[in-house]
Amino acid sequence: MENNSTVSFTINFFNTYSVFLFRTYGFNLSSSIFMYRSSSTGEDAVALPSIVKLLRRIALSSGYIITYLYLNGIVYKNKKNRLLELICILLAILNGFMLGGRGDGIQIIIAAIVQYIALKIYSSNQKRILPVKDVLKVIIILAIIVASFTQLGELLGREMDFLNYNDYIAVYLSAELKNLDIFISSGSYGHPISKSLTLYSIINSLGSILHQPQWIHDFDIPFRYYGGYALGNVGTIFYPFFYDGGLMGVIIYTSFMAFFCQIGYMKFVEADKKSQLNLMFIFYSYLAYIIVFSFFSNKFYEMIFNTSFIWCVVSWVLVKYFLMRIQVKV
């Protein structure tokens, strides 16, 4: 597979977005990202140009596939295009960070960990035991992510309100549970489907398509404070479930999510991880981040049931076709 052109595309997009950011907000990267984030909400929001948004989606989506090719080459000792693939992965991660959010970049890293574990287990004659040295590699990568979390946030223009790292991590990992507790204690749940938080993206899209403006609503979770700390507006994936249908909402939405993820996992396990580029393998590595980070918010229904994910799948299909069918040499 010749993926030089995929790397060139990713580099060109990175340059395109950087030019847009710097020309609009100045040449200080951290300040530019912060200003973009600040101006991307509200009535006077500054949106990305459509072409930049489209190119960004393709660049991010290609990151998952190139990550697979790179890790497959490591596991099966194929050195072809290794450096170019690594460059493409790093640029895809940077693209994920360039809008000021950490999610897109971290999602590719989590996908890489899942892919690496699966490939190592698959290559060892289907033994479901990961060697100790590989476990240590995964632990080190996760430790680096956690240790650099606040620094990464500051680099991306986020203002940290906490005095020290321990406070920040403690609140980051506990605010969701406290917000959920406060909400459940209030007993104010059970809302019509047109005001759903769980299916927020779908309902708003249908409202726009079907010309039903009364269906279009905000994702309204109040920003809370407790004990002098800002808890934000996160409440685990169960907050919108309770909001929509109380305990019955939790049962229905959780059951559907569990069924969907189980099917995805079964397809992931069955996928040929050596001889072909299987998109179900790519999909589950994408889904793994959503499952893990559902602890923080409604990642599953937000990221799977929306138009952005459709574009992501389309990008995967196009990139796979490009890599498998069109042999481009630079």
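**Exercise 1. The nonpolar surface patch**

Task: Establish which residues form a nonpolar patch on the surface, and with how much accessible area together.

Solution: The patch is formed by Ile-51, Leu-54, Ile-310, Trp-311, Val-314 and Leu-318, with about 550 Å² of accessible area together. Such patches are made of residues with over 30% relative accessible area and no salt bridge, where like charges are joined within 9 Å and nonpolar side chains (Val, Leu, Ile, Met, Phe, Trp, Tyr) within 5 Å; accessible areas come from the Shrake-Rupley method with a 1.4 Å probe, and for residues only the protein chains shown count as cover. The model is a predicted one, in which local features need pLDDT of at least 70 and side-chain atom pairs count only at pLDDT 80 or more, while totals for chains, interfaces and linings use all residues. Residues are numbered from 1 along each chain as its sequence is written, and side-chain values use heavy atoms, with hydrogens and water left out.

The next step is to assign the patch to helices, which are DSSP runs (H or I, at least four residues; strands are E, at least two) numbered from the N terminus. Helices α3 (50-75) and α13 (307-325) each supply at least two residues of the patch, and α13 gives the most, with four residues. Ile-310 is found in α13, and Ile-310 counts as exposed because its relative accessible area is 53%, where exposed means over 50%, buried under 20% and partly exposed in between (1.4 Å probe, protein chains only).

**Exercise 2. Two buried residues**

Task: Determine what Ser-61 and Ile-304 are in contact with, leaving aside neighbours within four places in sequence.

Solution: Ser-61 has its place in helix α3 and counts as buried, because its relative accessibility is 3%. Ser-61 is in contact (heavy atoms within 4.5 Å) with Cys-312, Ser-315 and Trp-316, leaving aside its neighbours within four places in sequence. From C-alpha to C-alpha, Ser-61 also lies 8.3 Å from Ala-92, although 31 residues separate the two in sequence.

Ile-304, in helix α12 (residues 299-304), is likewise buried, because its relative accessibility is 6%. With residues up to four places away in sequence not counted, Ile-304 touches Phe-260, Phe-283, Tyr-286, Leu-287, Ile-290, Lys-299 and Phe-309. Ile-304 and Ser-201 are 103 residues apart in sequence, yet their C-alpha atoms are 9.7 Å apart in space.

**Exercise 3. The contact of α4 with α5**

Task: Describe how the axes of α4 and α5 cross, and which residues meet.

Solution: The axes of α4 (residues 82-97) and α5 (residues 103-123) come within 6 Å and cross at roughly 145°, the axes being lines fitted to C-alpha atoms over the stretch in contact, with angles from 0 to 180 degrees between N-to-C directions. Ala-92, Ile-93, Gly-96 and Phe-97 in α4 meet Asp-104, Gly-105, Ile-106, Ile-108 and Ile-109 in α5. These residues divide into six nonpolar, two polar and one charged.

**Exercise 4. The salt bridge**

Task: Find which residues form the one salt bridge that the structure holds.

Solution: Asp-181 forms a salt bridge with Lys-178, and their closest N and O atoms are 3.6 Å apart; the criterion is a side-chain nitrogen of Lys or Arg within 4 Å of a carboxyl oxygen of Asp or Glu. Both residues lie in helix α8 (residues 165-186), three residues apart, about one turn of the helix. Asp-181 is partly exposed, with a relative accessible area of 39%, and Lys-178 also counts as partly exposed, at 25%.

Technical notes: Ala, Val, Leu, Ile, Met, Phe, Trp, Tyr, Cys and Pro count as nonpolar, Asp, Glu, Lys and Arg as charged, and the others, Gly among them, as polar.
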